[in-house]
Amino acid sequence: PYLSINCAAISPLLAESILFGHTKGAFTGAVSAHAGYFEEASEGTLFLDEIGELPLELQAKLLRVLENGEYQRIGETQTRKSQARIVAATNRDLRAEVRAGKFRSDLYHRLSVFAVHVPPVRDLGEDKHLLRNHFTQFYAQQIGQAPFLLDDSAQARWLDYKFPGNVRELRNIVIRLIAKYAGKTLNATQLLAE
(Lines give C-alpha, C1' and ligand atoms only; values in the text may rest on other atoms or scores of the structure.)
Protein backbone atom coordinates (compact mmCIF):
# COMPACT_ATOMS: atom_id res chain seq x y z
CA PRO A 1 0.00 0.00 0.00
CA TYR A 2 0.86 3.66 -0.43
CA LEU A 3 -0.50 5.82 2.39
CA SER A 4 -0.15 9.56 2.80
CA ILE A 5 -0.59 11.70 5.89
CA ASN A 6 -0.33 15.46 6.21
CA CYS A 7 1.46 16.07 9.52
CA ALA A 8 0.30 19.70 9.56
CA ALA A 9 -3.35 18.70 9.32
CA ILE A 10 -3.48 16.37 12.32
CA SER A 11 -3.97 17.47 15.89
CA PRO A 12 -0.82 17.08 18.02
CA LEU A 13 -3.02 15.32 20.59
CA LEU A 14 -4.11 12.70 18.07
CA ALA A 15 -0.91 12.39 16.03
CA GLU A 16 0.52 9.47 18.02
CA SER A 17 -2.70 7.49 17.75
CA ILE A 18 -2.99 8.23 14.05
CA LEU A 19 0.59 7.16 13.33
CA PHE A 20 0.95 4.19 15.70
CA GLY A 21 -2.63 3.22 16.61
CA HIS A 22 -4.23 2.58 19.98
CA THR A 23 -5.96 -0.15 21.95
CA LYS A 24 -9.54 -0.12 23.11
CA GLY A 25 -9.86 2.00 26.25
CA ALA A 26 -6.41 3.58 25.91
CA PHE A 27 -7.98 7.03 26.34
CA THR A 28 -11.41 8.61 26.51
CA GLY A 29 -13.17 7.96 23.23
CA ALA A 30 -11.07 4.92 22.28
CA VAL A 31 -14.07 2.60 21.99
CA SER A 32 -12.24 0.11 19.80
CA ALA A 33 -8.71 -0.79 18.80
CA HIS A 34 -7.28 1.21 15.92
CA ALA A 35 -4.37 0.38 13.62
CA GLY A 36 -2.18 3.40 12.86
CA TYR A 37 -0.60 4.43 9.58
CA PHE A 38 2.60 2.47 10.22
CA GLU A 39 0.62 -0.73 10.69
CA GLU A 40 -1.63 -0.04 7.71
CA ALA A 41 1.34 0.75 5.47
CA SER A 42 2.77 -2.66 6.33
CA GLU A 43 5.56 -3.28 3.81
CA GLY A 44 4.42 -0.46 1.51
CA THR A 45 5.17 3.24 1.53
CA LEU A 46 4.16 5.87 4.06
CA PHE A 47 4.40 9.47 2.83
CA LEU A 48 4.75 11.97 5.69
CA ASP A 49 3.87 15.31 4.15
CA GLU A 50 4.85 18.49 6.04
CA ILE A 51 7.13 16.51 8.37
CA GLY A 52 8.51 19.79 9.71
CA GLU A 53 5.18 20.38 11.47
CA LEU A 54 5.44 17.25 13.61
CA PRO A 55 5.60 18.11 17.36
CA LEU A 56 9.01 17.56 19.01
CA GLU A 57 7.66 14.98 21.47
CA LEU A 58 6.39 12.83 18.60
CA GLN A 59 9.65 13.17 16.68
CA ALA A 60 11.42 10.88 19.20
CA LYS A 61 8.81 8.16 18.68
CA LEU A 62 9.06 8.55 14.93
CA LEU A 63 12.85 8.27 15.17
CA ARG A 64 12.53 4.95 17.01
CA VAL A 65 10.37 3.40 14.32
CA LEU A 66 12.70 4.73 11.61
CA GLU A 67 15.78 3.36 13.38
CA ASN A 68 14.60 -0.19 14.11
CA GLY A 69 11.03 -0.46 12.84
CA GLU A 70 9.63 -0.83 16.37
CA TYR A 71 6.59 0.99 17.75
CA GLN A 72 3.75 0.40 20.17
CA ARG A 73 0.11 1.26 19.95
CA ILE A 74 -1.03 3.66 22.67
CA GLY A 75 -2.13 1.64 25.68
CA GLU A 76 -0.27 -1.48 24.60
CA THR A 77 2.99 -3.04 25.82
CA GLN A 78 3.43 -5.32 22.82
CA THR A 79 6.13 -4.09 20.43
CA ARG A 80 5.11 -4.15 16.80
CA LYS A 81 7.34 -4.01 13.72
CA SER A 82 6.96 -1.86 10.66
CA GLN A 83 8.79 -2.36 7.40
CA ALA A 84 7.20 0.59 5.67
CA ARG A 85 9.33 2.72 3.37
CA ILE A 86 9.19 6.33 4.54
CA VAL A 87 9.08 9.31 2.21
CA ALA A 88 8.89 12.74 3.84
CA ALA A 89 8.38 16.23 2.46
CA THR A 90 8.46 19.72 3.89
CA ASN A 91 8.60 23.30 2.71
CA ARG A 92 10.79 24.19 5.70
CA ASP A 93 14.57 24.26 5.81
CA LEU A 94 15.03 21.40 8.27
CA ARG A 95 18.70 22.23 8.82
CA ALA A 96 17.67 25.69 10.04
CA GLU A 97 14.91 24.10 12.14
CA VAL A 98 17.52 21.81 13.75
CA ARG A 99 19.74 24.81 14.55
CA ALA A 100 16.74 26.61 16.07
CA GLY A 101 15.87 23.58 18.22
CA LYS A 102 12.54 23.03 16.47
CA PHE A 103 13.45 19.73 14.80
CA ARG A 104 15.49 16.84 16.17
CA SER A 105 18.95 16.56 14.67
CA ASP A 106 18.96 12.76 14.80
CA LEU A 107 15.60 12.57 13.04
CA TYR A 108 16.80 15.01 10.37
CA HIS A 109 19.86 12.86 9.67
CA ARG A 110 17.75 9.69 9.57
CA LEU A 111 15.31 11.25 7.11
CA SER A 112 17.91 12.90 4.91
CA VAL A 113 19.63 9.71 3.76
CA PHE A 114 18.46 10.56 0.26
CA ALA A 115 17.17 14.09 -0.29
CA VAL A 116 15.62 15.57 -3.39
CA HIS A 117 15.44 19.35 -3.60
CA VAL A 118 12.47 20.55 -5.61
CA PRO A 119 13.00 24.18 -6.56
CA PRO A 120 10.14 26.66 -6.28
CA VAL A 121 8.35 27.63 -9.50
CA ARG A 122 9.93 31.11 -9.36
CA ASP A 123 13.32 29.47 -10.04
CA LEU A 124 12.22 27.32 -12.98
CA GLY A 125 12.78 29.80 -15.81
CA GLU A 126 11.50 28.46 -19.13
CA ASP A 127 10.08 25.39 -17.39
CA LYS A 128 7.21 27.62 -16.23
CA HIS A 129 5.96 27.29 -19.82
CA LEU A 130 6.21 23.50 -19.63
CA LEU A 131 4.13 23.44 -16.44
CA ARG A 132 1.57 25.82 -17.94
CA ASN A 133 1.30 23.69 -21.07
CA HIS A 134 0.95 20.51 -19.04
CA PHE A 135 -1.84 21.86 -16.84
CA THR A 136 -3.54 23.57 -19.78
CA GLN A 137 -3.74 20.35 -21.79
CA PHE A 138 -4.75 18.28 -18.75
CA TYR A 139 -7.57 20.54 -17.53
CA ALA A 140 -8.80 21.53 -20.98
CA GLN A 141 -9.23 17.85 -21.80
CA GLN A 142 -10.75 17.10 -18.39
CA ILE A 143 -13.49 19.71 -18.72
CA GLY A 144 -13.89 19.42 -22.49
CA GLN A 145 -12.75 22.95 -23.36
CA ALA A 146 -10.28 24.21 -25.91
CA PRO A 147 -6.95 25.26 -24.40
CA PHE A 148 -6.03 28.94 -24.26
CA LEU A 149 -2.85 30.41 -25.75
CA LEU A 150 -0.60 33.28 -24.68
CA ASP A 151 0.72 35.85 -27.15
CA ASP A 152 4.40 36.88 -26.94
CA SER A 153 3.77 39.68 -24.44
CA ALA A 154 1.76 37.37 -22.17
CA GLN A 155 4.43 34.68 -22.39
CA ALA A 156 7.05 37.19 -21.26
CA ARG A 157 4.84 38.20 -18.32
CA TRP A 158 4.32 34.53 -17.44
CA LEU A 159 8.09 34.09 -17.17
CA ASP A 160 8.47 37.24 -15.05
CA TYR A 161 5.82 36.25 -12.50
CA LYS A 162 7.23 34.78 -9.26
CA PHE A 163 4.29 32.45 -8.38
CA PRO A 164 4.38 32.93 -4.58
CA GLY A 165 1.76 30.18 -4.30
CA ASN A 166 4.08 27.84 -6.19
CA VAL A 167 2.61 25.00 -8.31
CA ARG A 168 -0.83 25.22 -6.71
CA GLU A 169 -1.10 28.86 -7.75
CA LEU A 170 0.13 28.13 -11.27
CA ARG A 171 -2.36 25.28 -11.65
CA ASN A 172 -5.27 27.38 -10.37
CA ILE A 173 -4.40 30.27 -12.68
CA VAL A 174 -4.45 27.84 -15.61
CA ILE A 175 -7.85 26.46 -14.54
CA ARG A 176 -9.24 30.00 -14.26
CA LEU A 177 -7.82 30.96 -17.68
CA ILE A 178 -9.37 27.89 -19.31
CA ALA A 179 -12.73 28.74 -17.77
CA LYS A 180 -12.59 32.35 -18.99
CA TYR A 181 -10.56 32.16 -22.20
CA ALA A 182 -11.04 28.67 -23.67
CA GLY A 183 -9.82 28.62 -27.28
CA LYS A 184 -8.61 32.24 -27.15
CA THR A 185 -5.22 33.92 -27.20
CA LEU A 186 -4.52 36.16 -24.21
CA ASN A 187 -2.38 39.27 -24.22
CA ALA A 188 -0.31 40.58 -21.30
CA THR A 189 -3.09 42.88 -20.06
CA GLN A 190 -5.60 40.04 -19.87
CA LEU A 191 -3.07 37.78 -18.14
CA LEU A 192 -2.13 40.43 -15.59
CA ALA A 193 -5.81 40.78 -14.65
CA GLU A 194 -5.76 37.17 -13.53
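**Reading rings, burial and backbone in a predicted model**

Modeller: Let us start from one residue: F163 has a relative accessibility of 2%, so F163 counts as buried. Please keep in mind throughout that the model is a predicted one.

Colleague: Where in the chain does F163 lie, and what is the sign of its phi?

Modeller: As a general idea, most residues other than glycine have a negative phi. F163 is not a glycine, yet its phi is positive, at about 50 degrees, and the residue sits in the loop between α7 (152-160) and α8 (166-181).

Colleague: Which other residue has a positive phi without being glycine, and is that residue, S42, buried or partly exposed?

Modeller: S42 has a phi near 55 degrees, which is positive although the residue is not glycine. S42 is located in the loop between α2 and β4 (45-49), and with a relative accessible area of 39% it is partly exposed, whereas F163 is buried at 2% relative accessibility.

Colleague: How should I read an aromatic pair, and how many does a search of the whole structure find?

Modeller: Two values describe a pair of aromatic rings, namely the distance of the centres and the angle of the planes. Searching the whole structure gives seven aromatic pairs. One of them joins F20 and F38, whose rings are stacked, with 5.4 Å from centre to centre and 10 degrees between the planes. This pair links distant parts of the chain, since F20 belongs to helix α1 (residues 15-20) and F38 to helix α2 (residues 37-41), 18 residues apart. Both F20 and F38 are buried, and ring pairs connect F20, F38 and Y71 into a cluster.

Colleague: What is the geometry of the pair formed by Y161 and F163?

Modeller: The rings of Y161 and F163 meet edge-to-face, at 4.7 Å centre to centre and with 80 degrees between the planes. Y161 has a relative accessible area of 35% and is therefore partly exposed, while its partner F163 is buried.

Colleague: Turning to a residue that is not aromatic, which residues does Q59 contact beyond its neighbours within four places in sequence?

Modeller: Q59 is part of helix α3 (residues 56-68), and its relative accessible area is 0%, so Q59 is buried. Apart from those sequence neighbours, Q59 is in contact with L54, K102, F103, R104 and L107.

Colleague: And for the protein chain as a whole, how many helices and strands are there?

Modeller: The protein chain has nine helices and nine strands. Its radius of gyration is 22 Å, well over the 16 Å that the globule rule gives for 194 residues, so the chain is more spread out than a compact globule. The C-alpha trace spans about 65 × 40 × 30 Å along the principal axes.

Colleague: What share of the residues is buried, and what share of the accessible surface belongs to carbon and sulfur atoms?

Modeller: Of the 194 residues in the protein chain, 35% are buried, and carbon and sulfur atoms account for 51% of an accessible surface of about 11600 Å². If one takes contacts between residues at least 6 apart in sequence, 67% of them join residues at least 24 apart. As for charge, the chain carries 23 positive and 22 negative charges, and the mean positions of these two sets lie 2 Å apart.

Note on methods
Residues numbered from 1 in each chain as written. Predicted model: local features only at pLDDT ≥ 70, side-chain atom pairs only at ≥ 80, totals over all residues. Heavy atoms only, no water. Helix = DSSP H or I, 4+ residues; strand = E, 2+ residues; numbered from the N terminus. Rg over C-alpha atoms; globule rule 2.2 N^0.38 Å. Buried < 20%, exposed > 50% of the residue type's maximum accessible area, 1.4 Å probe, protein only. Contact = heavy atoms within 4.5 Å. Areas by Shrake-Rupley, 256 points an atom, 1.4 Å probe, with all protein chains shown as cover. Lys, Arg positive; Asp, Glu negative; His and termini not counted. Charge placed at Lys NZ, Arg CZ, Asp CG, Glu CD. Phe/Tyr/Trp six-rings, centres within 6.5 Å; stacked < 30°, edge-to-face > 60°.
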